[in-house]
Amino acid sequence: MKFAVALSMERFSPDTPMSDVTSTMLELVKMADQGGFETLWTAEHHTIECTISPNPFTILTWLAQHTERIRLGTATIVAPYWSPIRLAGEAALCDHLTGGRLEFGIARGAYQYEFDRMAGGMPQLEGVAYMKELVPAVQKLWEGDYAHDGHYWKFPLATSVPKPLQAPHPRIWVAARDPGTFDWAVGIGASILSTPLAAPAGEIAVLGEKFRKAVADHPEVPRPRFMMQRRTCCYDRPEEAELAVRHSIDYGRSFENLFQNIGTVTNGFPTAVSYESVAGRENYKPENVLKNLMFGTPDEVIGKLLDYEAAGVDQFSLGLSFNLPVELQRKTLDLFSREVLPVFAARERDLRREEERRIAAEPLRMAAAGR
């Protein structure tokens, strides 16, 4: 299992200057790059100060100039906000400007508040139909001349300019939680981005089973990759858990505002709705937040991560953007780099050696069986 970091530029007060926001983002991404994380993921959102990212391709191009190895991914592009031609060209150009490090993640979209302003008020659940038309069209445009006559978009013969640097194109990732999206994404050869949100650990196995079924139902497609993300905080002093839990609860109440479109947003800053308004109220209890999310000391975190490994997760993404104090974000990256990543790198080496020994022993076993 590899590890990624999900970060956004975030402001929770107008008193925080944007220069501080950008410098913090850059510092943390440099730490992730130097610490051995595989991918940096950043989202697309509009009109919301807690996630400042009107065009993630711009952010990734900027970060590419300050990093060396880390892959740079969109998690995620919101399908209904784009046209196929524009998306194909901007993604391909970003692939060139990042030196072929782009990971192309896309989703139907999440915040109804945002859909009311960016997509004419359509219900965000309808975004999946846009995604299913958009992604194949983008793939065709990356290949060459292509004319499209679809439900949402129509255009005469056109192509992506430029074409992607990576051949045939950057890896495509689709955000999925329902079985139908898992099946569609795997069927087109896309990898999966998923999250158990704030649900108990049992949800990890449920998502893992959806992925396994989709893979089994599409034997004609090479097995794609499977990423899961959780809010994460790693600390060396257990008393720091209280701070992480409090910030997660407050951030979750702001998320409910935007997702359900039930609160107020003033000049881009969402208010945290009441506990009575949230969905899944049990998941907001401090003891459940501490248990369900990736909060803990390095040893506790390693124990929790075994559930993800068992579910077939190839990449675990640390969700760090929930107004967690910067010093705890730094500490999380540092402790993961020094104490968590090496454990799973060693496990991967052991599994690889075991597989190599099994393959080497197979001819002897067959001979002994008289075959």
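This note covers the nonpolar cores and helix packing of a predicted model.

1. Local features rest on pLDDT of at least 70 and side-chain atom pairs on pLDDT 80 or more, while totals for chains, interfaces and linings use all residues. Numbering runs from 1 along each chain as its sequence is written, and side-chain values use heavy atoms, without hydrogens or water.

2. The largest nonpolar core (buried Ala, Val, Leu, Ile, Met, Phe, Trp, Tyr and Cys residues joined through side-chain atoms within 4.5 Å; buried is under 20% relative accessible area, 1.4 Å probe, protein chains only) has 81 residues. F3, F37, I106, L305 and F336 touch the most other members. Helix α5 (residues 127-143; helices are DSSP runs of H or I, at least four residues, and strands of E, at least two, numbered from the N terminus) gives the most to this core, with 8 residues. C50, C233, L324 and L328 are among the 21 residues of a second, separate core.

3. Contacts of I106 (heavy atoms within 4.5 Å), leaving out residues up to four places away in sequence, include M131, L134, V135 and W173.

4. Helix α3 (residues 84-97) has buried residues including L87, A91 and C94. The buried residues of α3 pack against α2 (56-64), β4 (77-78), β5 (102-107), α5 and β7 (154-158). Just after α3, G99 has a positive phi of about 70°.

5. In α1 (residues 18-35), T22, M25, L26 and V29 meet I59, W62 and L63 of α2.

Definitions and conventions. Buried means under 20% relative accessible area, exposed over 50%, partly exposed in between (1.4 Å probe, protein chains only).
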